[in-house]
Amino acid sequence: MALFFSRRTYNSKKKKFTLKPAAKTRYVNITKKTADGSIRKGSIVKKAKWLDLVRQQGGDTAVLIYVHGFNTSQKDMLDRLEKIETGVRSNGYKGAVIAFDWPSDGSLHTYDRDRADAKAVARYFVGEGILPLLGMSPRPKLHVIAHSMGALVVLRAFSDFGDSAGPGKKVWSADQVMFASGDAEAAWLEKGAWGDLVLKKRSKRFTNYYSGMDKVLAISSGIVNAGRPRVGRAGMPKLTSKGHWDIFCDHQYKRDVPKGKRNRTTSHRWWFDSKVFYKDLAQTIDGQDAKTMPTRHYSTVGDQVLLA
């Protein structure tokens, strides 16, 4: 079973989701797939039923939400959701694992359109996802893992809602928020900048996994975004808020990916096949002390390094 909520338009005649932004959020329960994973079948269900399915999957204690990046088809999103669930469960995670599916075209040549669509639907990540989940009883801990342009979706979504938006009297927030290859401007995460303030307000801890060998983000920063460094390649600025952690991952990338297989795509997506990444991710979700995780070491300049 795979659970996700989507802002892609649904074509009821063809019974498939399209590449266009939708006018409403749909809640999906995938129940079957072919042996090779090429075709998945399920149904669109009402929000209340979907929340109950999340609860049955372990969502009464914790929910991990995967937010995909640009150039990601719905099939690719589901493939990676399955990998993430397998990875964190193999390291002891017991909660639900779900996804927010936004209308990425699944093409390298539609970056600007994906970016516009990401901004257009970002607020529904919180309004139609996080807030209903926080309204469940008992109230679960919510964790977010965003890849690539999914980081932009999360930041924009978090910035669109005030304290009064949350259910009950508590200020709404996620527990652990994590970016991997985040395609957001590094400057936004400097202490006092808007992205830093949003994450400080809406998460208990923020963890940024980055790699200087990410060739997709090299293009994003150098060509598409006028040289502005991306947080998933350059890391955060030196001055950051307490509870915000930069994890340098070049060494683990080299261990996980043989030299002959290091290409542009792999440099951006290798996380989904890394046992060490999932081990660190599970420990982060569990709230373990960032300073003593066995998957991390300190470099000579004081940065944390993912290496096991």
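**Close-up views: a helix, a cavity and a pocket**

**View 1. Buried residues of helix α5.** The buried residues of α5 are Gly-150, Ala-151, Leu-152, Val-153, Val-154, Leu-155, Ala-157 and Phe-158. The model shown here is predicted. Helix α5 covers residues 150-159, and eight of its ten residues are buried, so the rest of the structure largely encloses it. Buried here means under 20% relative accessible area.

**View 2. The enclosed cavity.** One cavity of 30 Å³ or more is present in the structure. The volume of the largest cavity is about 40 Å³. Its lining is made up of Ile-84, Ile-145, His-147, Ala-180, Trp-271, Phe-272 and Phe-277. By class, six of these lining residues are nonpolar and one is polar. No charged residue lines the largest cavity.

**View 3. The largest pocket and its centre.** The largest pocket holds about 580 Å³ of space. Its lining counts 23 residues. Closest to the pocket centre are Lys-15, Lys-16, Phe-17, Arg-40 and Gln-74.

**View 4. Elements around the largest pocket.** Four elements each give two or more residues to the lining of the largest pocket: strands β1 (2-11), β2 (16-33) and β3 (40-45), and helix α2 (74-89). Strand β2 gives the most, with six residues.

**View 5. Residue classes in the pocket lining.** The lining of the largest pocket has nine nonpolar residues. Seven polar and seven charged residues complete the lining. In the lining of the largest cavity, by contrast, no residue is charged.

Technical notes: Residues numbered from 1 in each chain as written. Predicted model: local features only at pLDDT ≥ 70, side-chain atom pairs only at ≥ 80, totals over all residues. Heavy atoms only, no water. 1 Å grid on protein atoms, 1.4 Å probe; cavity = no way out; pocket = protein on both sides within 12 Å on 5 of 7 lines; lining within 4 Å. Points joined across faces, edges and corners; volume = space filled by probe spheres on them. Nonpolar A, V, L, I, M, F, W, Y, C, P; charged D, E, K, R; others polar. Buried < 20%, exposed > 50% of the residue type's maximum accessible area, 1.4 Å probe, protein only.
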